[in-house]
Amino acid sequence: MKADEKVTVEEKLGLVRFKHGKESHLSVIAEDVCVRCEGKWCTTICPAHVYEWSPEQNKVIVNWENCLETGACITGCPYANIQFQYPKGGKGVEFRYG
Amino acid sequence: MAEEKFDACVVGAGPAGIAAALTLARGGADVIVLERGSAPGTKNVMGGILYRKMLQDLVPDFWKEAPIERPIAEEQAWLTSGENVVKLGFRSEAFAKEPYNSFSVLRARFDPWFAQQAEKAGAMLINETTVLDVIKEDGQVVGVRTDRKEGDVYADVVIAGDGAISWLSKKAGLQPDRPFPAEHLVVGCKEVIELPREVIEQRFNLKDNAGMSIELFGDVLRGNAGYAFLYTNKESLSLGLGVMLNDLMRTKQKPYELLDVLKAHPAVAPLIKDGEVREYAAKMIPEGGYPALPHLYGPGILVAGDAAMMTNAAHREGSNLAMEAGKLAGRAVLEAKARRDFSAASLARYEKLLEQSFVLKDLRRYRKLPHFIAQSGEMLTVYPAMANMLAERFLTVSGMPKGEEQLAMLKETLRMRPLPRLIGDTWRALRAML
């Protein structure tokens, strides 16, 4: 990927190495809270675009495989509606440069 | 996991944890380090500047063997406004020579080396182990619970160096068990962009492996308080930014879109042209400062580094504070070990040592700074814009007599920031740092 190419964050995340376990380490606690949430901040503050609002499904989709484990969502959800745990030992993102 | 009991259990193989482990192992203590990544550094990200002094205290002449990138010989600050830039800089031949002042660093390469120093001194490093909780007996922390089978680890003291979220210090009761407020956090993201060594040295006017750091302020951050950075590595550039989380929530801008704005800036784009993006990374930086510090010690536990909010945004410091705090934590535990007393009162020695060092002295001196930055998103745009306006008018020969031009510059300055606010801003900025 060239530095001056216009790419999506998903394409950028394609450069990152992950070792995924089977289970998500992230979840939305109560989906109805998201429906009422006026800001849906999780969909904009997360630098890995893990959270995506789906109007069709009327809920937040959690792309946990993209998670860079910053923890921004924990504070960024004003309703404390996101459950975040570190992935199991040895799983998750694996930076090669950092 | 292990039947034996350790003198100390360090959680997190970052700068704080490894500095603690190294100090303890050298002092003859039995120390175990638990790291959740498959190797130290795999979870760790920073903009990329490491100061020399604190690491040198731990590993003399480390630059001769450590995987650092380039010693930083030139530092620049760019004040951006639209497509314009006012550039300030400092270049030092002394910074380019031993013992150097600072280095650009890629953490996934540096951290394994640093951890190795602790291992060589006798510390035991266990990777792929996520710590879930502290184990307490009668209020005293006596170990940690990990996600391994039979994964309880017992130790006289636990040192939490578990990074910006620091669940461990929260579970141990050293800080409230709730998310940090958004105005105490910075969200950062960066790209590592590969370029041939000669191209980097040509574009940045560098030689003999010396490096440059550029920090960018103003418009390029689209009204979010924070700054962007461009650091030269050996054969790559670290290009990224960090902005206050409360501003990101207010402006609803996405961190990676801000990074794209940065990459497209006409002063930045030619520097990264033809580069190959190798990695995209992100990290949260705790910048609540002194008012937001947790309790630094409790019965059987200490906390250091990002986990203890030890950063100094004004001076780009973090990893060096972590190393110093880790070292002092190690020292405090060695003293406690000699006394056979791991109570909170005994471990309070750690805070005393921190108070005597620059760590707490600086954090206290800059205690108003985090609040100032959190409230100053607008100022961080207005003043760079003002500098560009003045530079542009000063340098433009328009045919207007100089006397009229100067009057126009003064009027425009006061339009951008009326005099009472100019004075107020200056006063508050000085008070935040002096």
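This passage walks through a predicted model of two chains, A and B, from the smaller-scale description of chain A to the domains, sheet, core and contacts of chain B.

Chain A makes a convenient starting point. It has 98 residues, of which 40% count as buried, and its C-alpha trace spans about 40 × 35 × 25 Å along the principal axes. Four helices and six strands are found in chain A, and along the sequence they follow one another in the pattern α-β-β-α-α-β-β-α-β-β. Taking the contacts in chain A between residues at least 6 apart in sequence, 64% link residues at least 24 apart.

Chain B is divided into three domains. Domain 1 is assembled from the segments 5-69, 105-180 and 289-356, while domain 2 covers 182-286 and domain 3 covers 372-433. Between domain 1 and domain 2 of chain B, the C-alpha centres lie 28 Å apart. Where these two domains of chain B touch, domain 1 contributes 14 residues and domain 2 contributes 18. The side belonging to domain 1 of chain B consists of eight nonpolar, four polar and two charged residues.

An open sheet of seven strands can be followed in chain B, in the order β5-β4-β12-β13-β14-β11-β15, with mixed pairing. At its edges are β5 (84-91) and β15 (276-286) of chain B, each of which pairs on one side only. From one strand to the next, the twist averages 15°.

Two pairs within this sheet can be followed in more detail. Strands β4(B) and β5(B) run antiparallel and are joined by eight bridges; here Thr80(B) stands opposite Val85(B) of β5(B). The hairpin formed by β4(B) and β5(B) has two residues between the strands, and Gly82(B) adopts a positive phi near 55° in this hairpin. The other pair is β13 (residues 226-232) and β14 (residues 236-244) of chain B, which are antiparallel over seven bridges. Among the residues involved, Tyr227(B) has Gly242(B) in β14(B) as its bridge partner.

Two helices of chain B lie across strands of the sheet. Helix α7 (residues 255-264) of chain B lies across β11 (185-194), β13, β14 and β15, and runs at about 130° to β14(B). Helix α14 (residues 379-395) of chain B lies across β4 (72-81), β5 and β12 (211-218), and runs at about 90° to β4(B).

The nonpolar interior comes next. In soluble globular proteins, nonpolar side chains tend to be buried together. The largest nonpolar core in this model contains 165 residues, and Leu302(B) and Ala304(B) have the most contacts inside it. Helix α9 (residues 319-339) of chain B provides the largest share of this core, nine residues. Which residues does Leu302(B) touch, not counting those up to four places away in sequence? They are Val157(B), Ile159(B), Leu296(B), Tyr297(B), Ala329(B), Ala332(B), Leu347(B) and Tyr350(B).

Two further residues of chain B illustrate an intermediate degree of exposure. Phe95(B) is placed in the loop between β5 and β6 (102-104) of chain B. Is Phe95(B) buried, exposed or partly exposed? Because 18 other C-beta atoms lie within 10 Å, Phe95(B) is partly exposed; a buried residue would need 20 or more, and an exposed one would have 12 or fewer. Leaving aside residues up to four places away in sequence, Phe95(B) touches Pro71(B), Ile72(B), Ala73(B), Tyr100(B) and Asn101(B). Phe95(B) and Gly211(B) are 116 residues apart along the chain, and their C-alpha atoms are separated by 9.7 Å. Arg26(B), found in helix α1 (residues 15-26) of chain B, is partly exposed because it has 18 other C-beta atoms within 10 Å. From Arg26(B) to Phe103(B), the separation is 77 residues in sequence and 26 Å in space, C-alpha to C-alpha.

Finally, the two chains meet in a contact between 50 residues of chain B and 34 residues of chain A. On the side of chain B, at least two residues each are supplied by α3 (107-120), β11, α6 (245-251), α7, α8 (269-272) and β15. Strand β15(B) gives the most, with nine residues. By class, this side of chain B divides into 26 nonpolar, nine polar and 15 charged residues. The edge strand β15 of chain B thus reappears here as a contributor to the contact with chain A.

Methods. Residues numbered from 1 in each chain as written. Chains lettered and ligands numbered in written order. Predicted model: local features only at pLDDT ≥ 70, side-chain atom pairs only at ≥ 80, totals over all residues. Pairing = 2+ DSSP bridges. Axes fitted to C-alpha atoms, helices over the stretch in contact; angles between N-to-C directions. Contact = placed C-beta atoms within 7 Å. Nonpolar A, V, L, I, M, F, W, Y, C, P; charged D, E, K, R; others polar. Core = buried A, V, L, I, M, F, W, Y, C linked by C-beta atoms within 7 Å. Domains from an automatic or database assignment.
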